[in-house]
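Let's take a friendly walk through this model together, one chain at a time. Keep the structure open beside the text and follow along.

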Amino acid sequence: MAETKEKSLSDKKPKPRVRPIVRLGIFLISHSFHVSVVCCTAGVLALFLLPVLAKNTYISENALMPGSASPMLSNQHVSDGNRLVKDLTNPNSKSSETGIESHKIIAQYMLDLGAEVSFHKFHPQMNQFHPLHFFSSPDSGKIQENYSCSSYGINTVGIIRAPRGDGKEAIVLVTPYNALKSGFGEALSLGIAYSVFSLLTQVTWLAKDIIWLVADSQYGEYAAVAAWLREYQTPKFSSLSTPNAEMCPDVNNLFELKGHSISGSKFSNSFRRAGTMAAALVLKVRDQNEQFEDTISIYAEASNGQMPNLDLINVVNYLAVHRQGLRVNVEKLWSLLNSSWLKSLGEIFESLAKVAKSLYPKWKFGIPATEYVEGTATLASSLYYQALGVPTGPHGAFRDYQVDAITLEISPKFSLDKVWRNDILLRGGRLIEGVIRSVNNLLEKFHQSFFLYLLTSPSKFVSVGVYMIAFALLIAPLPMVAASLYVDANSSSNCSKGDSSTPSAITDTDEHSIAIRSWRWLNSAKLVFIVHLWGAIVSLLPYFISQIPDCSPTTSFMIWVLLSILSLLTLNSVLASPLACAKATQEKEWALVKSVTISSVFIGLGLMSVINFATAEIGALLMVPMCLLAQPLKLDVRAGTLRSFCRMICNLVLGHIAFPPAAFFLLKGMLDGFGNANVGDFWMWVESLWAWNSATYLFIGMVQLPCWVLCISILFHTC
Amino acid sequence: MELSFTQGRWNYESWGGFDPIPSSNAKPPGVELWAVFDAPQHLIDALWKNLTHTLSGLFCASINFLESSTAYSAPEWSFPPASGKLRYGTLPREAVCTENLTPWLKLLPCRDKAGISMLLDRPSIYRGFYHSQRLHLTSTGSGSEGMDPGIILEQTLTVVLQPDSQRASLAHASEKHIQPSWSLSSIFGKQISGRCVLAETSNVYFLLDMGLVAELEHIHKENEKSEEYVLISEKFWNNPSFELSAKPDRIFIEESSLLSKNASVLYKFEIEKYGESEPFDLGLFWKTPVVWLCQQAPLHANRFLMGSGNERGAIAISLKSTQSSEGFMGSNSNDERCELRVDVFQVVPWYVKVYFHSLQVFVDQQPKAVSDIIEKIHVSPSKDKVSPGVMELVLTLPCSVSSAVLTIEFDKGFLHIDEYPPDANQGFDIPSAIVSFPDFHARMVFLENDSLNKSPEKSPVMSYTEVLLVPLTTPDFSMPYNVITITCTVFALYFGSLLNALRRRVAEEERFLKDKG
């Protein structure tokens, strides 16, 4: 109101006309408080509205034509697959210590089909922290000197050449298999893959080569697939370690046996390749399950929140639901399913939709409350796994090479006796066959559908255009508040100056001081820069700590915290000493610091939203309120009103929550219960983050942690 | 001049790579055309363009795409009929179908109405694993004595078919595995009834591969049949291992094979003797399972892409020694400095920008200096949108080599928006590399009483590598609309503010306002 009055006053005087865009800017800046409140609530609301706004998926690429051909997988192939399952689960095959026997069986089966077979021997590569390896493309791996004969895995690879194809492209089918302690599920997944494989050797429609990779999962599924892909895409020709490996007796033994198999020409111990990979499917069968239906779970998240093309998920979903009668699942946060507040929120939305529909019948945007709850749970898990940046299965290895891949996990409903086993083999096999046939139809690589999306159910998605709105609303107040704080800090000091001196007489010295004052933000910028530098150092520290041998996670974490604090103090004393004198003179110093902090957070969040949206969204939910509310506690205490008291409480709570380890423990406690929380867990979590080259780690170290430190320093600012 | 249309891949490992059949008839997928011009240098390119357009019209194929200078190259010496006047081009993506076969048949005197060509039943041909039609034109110059000046046209159709879900080849009738019995009528669904009236000779040859003959002899010895050389005897067509339904007119045995022990056996059937009433139908019925290996080229060539992403990558050509090559080596391995010469000819399109300095050679998994291995190299770098890059190499490898790898790095270029093909998102093809072994000659000389000699010409053993698919960066093709909107907005804002700033004088305005006030 005061503003408008002032404006009406000033309008009477002939004043230079301000252009509308500038006037709008000034208006927004002057009302930054209201604007930011409105924007933030709208942002959070929009996030909760996403399940309502989700669209149904549709198959965008016409060439896929899923389900247009009737499945050719017959009982003959199923019984073939059954034979393999029996042979593998046969106790005789497990007599060997290294499980080579079962690999031989698989290879023999592949050879009998007329496929080309080769073994790929790999040494599990330990994930190591390379400080500068974020975002870099996967390299061919270092040569490690101390390979021992005992630790290697064997991938069995079978390749069908498309009879009339030109061999430029290939489809990969992966079945993880641990020969040492395989459950029945793994054997069954091999059975499904084998029955499909035996069909594909006979069909005439094949245009792309088929690669069946039986990944030796004794060192983890991901490691095996990643090792094979590394060899496939970036082989090392001058390997010094291979001669060592060849000396190992087991390996030679393995190759010997194959030598005198009947069709020796098809087997070779060299690495075999087919063309460019078009898509990859990872197939698993779960051993135990409590489901009431045959379900199939889709895992799609790869490293750093990358997703495969939506069309791949669509095809699987379409074929599973409409052709094979399987229920399709995507990962959910189960704890959210029972939350009552979410249910009530869903009911509110539902009733709102009803009201809207009664007003105008064409408005149909409501979804039932239960569906809303499920959608939110799925969305939350989708966000969570994308934000984590750690792939949810072996398919993640493919995404590093720009190959679209998903993991399908079949969980059958009944105990796996004969009849039901056949049924699962048939249906699972037909599903895989259908997907392969669809991908085989593709002339071009997957490019039609979305790559940036969040799933709210297997058949519903939120595309980038929609979910960005929530994020944009959330971070929109940041630049405005920063600008208004800056303007405030400058003008207030101006005013104080103006009071002391007569307004008419503006001397040179004053102009000089104004010039200095307008550059005063550089001091705060320096502080912010130092804290960010510290953040970079903190995120590098684990590399050195991990070099210390025999360290339990808890002690490592403690060392990390100690070193971080130490480095902060040193940096402060070395670099920030001139700040102290500047601080004394400026009373509005904290406002400038806050303004610079907010702008740096804005830049950080904006950058992160490009790299990994989910991380940025979750980070924004934590950091935006904290940044906006931060105000020295002393001021609040001095004011003593209810409003400032509330703000103080909020600040304290947020100051605790937004501290990354605290946020982690809170989240973990919410998901698993607080009972088994341990200080070392955070260290382990961080370790897993950097092992997967997750950008989330960088975000936490270089954006969130400095921001938290700055906000805390504002809170305890002496003014 | 030679033109070939091919569908499918020749499987060098199981169909052999040393005989004259794979060496001269195995071709890369799609269209391959080369021609030697007897014309002055400056006219050759124009003549090539004429030729491509003519052939394109004749064969209903898009050979005219070879006309642009980005599509063909001029190898200096690595391609077998080496001369500076050679032009070579391939279209790996050309789909081959009956519309290409029909014009090819029209060149035959009786088309597919009589003679052997009656067998060419389209569905059965195109159901096979591999088929390649080849047209070879040589002009006999007027200078050569005893020959009328003219043009010799040689037409070859190579088909690999599968009888009852197993594979066999018409050309050399090799079979696999459980060996299904076959006959011409079961494979093609047709029989030959009489020869084409215009044809001078019309014969069906049936070749027993060297390896197969050796294997059969082995079986015979095990059976203690005591008939020493059943193979040559007239009764051979009805022996314990297999049975032929027709009696061959003549049997040839390969004369000078490198492996002195074994020799291929060739059966000749003259079609003239058969007529409408008694159609010719050759059949083979196996009695015992036999497994044999076809003769392999000394090194098995394989080519693949390395790296990922849209920025750069590398091409690797790997040469692996095949088991059978040890036999070849054996003959000269007494020599200390035994060397195996390998020619590599590789054409890369201009948008795959190869860095020739990054050529690396690994022999038996050890990095080698390029100069040690490469005897001769000829490189013509690509020019953007003008000419493809050509690399010709002569490698000398030690005979004991078990594997050799050549790698060369490249950057992926950007194309102009209208240079993208309609299916740009599939990726772009790098044509097959040609790996040839000039020290080895694929030929078979058959001992004969008469003068006729089969495959008298000496052609080096050649093999083609796979076609590679390079995914390039493709623009979003719906983008132009978005780009237009965005650029227009940016331009409007820019010019608006610029004009505003130019037109307005702030100081003057203020003064004006003050005066008013």
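Chain B makes a good starting point: among its contacts between residues at least 6 apart in sequence, 73% join residues at least 24 apart, where contact means heavy atoms within 4.5 Å. Before going further, please note that this is a predicted model, in which local features need pLDDT of at least 70, side-chain atom pairs count only at pLDDT 80 or more, and totals for chains, interfaces and linings use all residues. Residues are numbered from 1 along each chain as its sequence is written, chains are lettered from A and ligands numbered from 1 in the order in which they are written, and side-chain values use heavy atoms, with hydrogens and water left out.

The secondary structure of chain B comes to eleven helices and 25 strands. Helices (H or I, at least four residues) and strands (E, at least two) are DSSP runs, numbered from the N terminus. Of the 517 residues in chain B, 50% are buried; buried means under 20% relative accessible area, exposed over 50%, and partly exposed in between, with a 1.4 Å probe and protein chains only. Chain B exposes about 24,900 Å², of which carbon and sulfur atoms supply 54%. Such areas come from the Shrake-Rupley method with a 1.4 Å probe, and for residues only the protein chains shown count as cover.

For a local view of chain B, find B:Asp429 in strand β22 (residues 428-430). B:Asp429 counts as buried because its relative accessibility is 9%. Not counting residues up to four places away in sequence, B:Asp429 touches B:Pro92, B:Arg93, B:Pro349, B:Tyr351, B:Val467, B:Leu468 and B:Leu469, and also A:Lys168 from chain A. The C-alpha atoms of B:Asp429 and B:Thr90 are separated by 10 Å, with these positions 339 residues apart along the chain.

Now move over to chain A, which has 28 helices and eleven strands. Buried residues account for 51% of its 719 residues. Among contacts in chain A between residues at least 6 apart in sequence, 85% join residues at least 24 apart. The exposed area of chain A is about 32,600 Å², and carbon and sulfur atoms supply 63% of it.

How is chain A divided into domains? The assignment gives domain 1 (27-52 + 469-491 + 514-577 + 586-716), domain 2 (81-125 + 151-234 + 265-331 + 392-458) and domain 3 (339-388), with bounds that come from an automatic or database domain assignment. Taken over C-alpha atoms, the centres of domain 1 and domain 3 of chain A are separated by 30 Å. In chain A, 16 residues of domain 1 are in contact with 15 residues of domain 3.

What about empty space inside the model? The structure holds eight cavities of 30 Å³ or more, and the largest cavity contains about 80 Å³ of space. On a 1 Å grid over the protein atoms alone, a cavity is a set of points where a 1.4 Å probe fits but cannot get out, and lining residues have an atom within 4 Å of a point. Grid points are joined across faces, edges and corners, and a volume is the space filled by probe spheres set on the points.

Where does the largest cavity lie? Domain 2 and domain 3 of chain A both give residues to its lining, so the largest cavity lies between them. Its lining includes A:Tyr299, A:Glu331, A:Thr378 and A:Leu455. In chain A, β7 (295-299) and α13 (369-388) each supply at least two lining residues, and α13 gives the most, with three. By class, the lining of the largest cavity has six nonpolar, three polar and two charged residues; Ala, Val, Leu, Ile, Met, Phe, Trp, Tyr, Cys and Pro count as nonpolar, Asp, Glu, Lys and Arg as charged, and the others, Gly among them, as polar.

Two helical residues of chain A deserve a stop. A:His103 lies in helix α5 (residues 100-112) and counts as buried, at 1% relative accessibility. Leaving aside neighbours within four places in sequence, A:His103 is in contact with A:Phe119, A:Ile154, A:Thr156, A:Ala179 and A:Asp216. A:Cys711 is found in helix α28 (residues 695-715) and is also buried, at 3% relative accessibility.

Finally, look at the backbone. Most residues other than glycine have a negative phi. A:Met65, although not a glycine, has a positive phi of about 40°; A:Met65 sits in the loop between β1 (55-56) and α4 (75-89) of chain A.

Terms used:
On a 1 Å grid over the protein atoms alone, a cavity is a set of points where a 1.4 Å probe fits but cannot get out, and a pocket is an open set with protein on both sides within 12 Å along at least five of seven lines; lining residues have an atom within 4 Å of a point.
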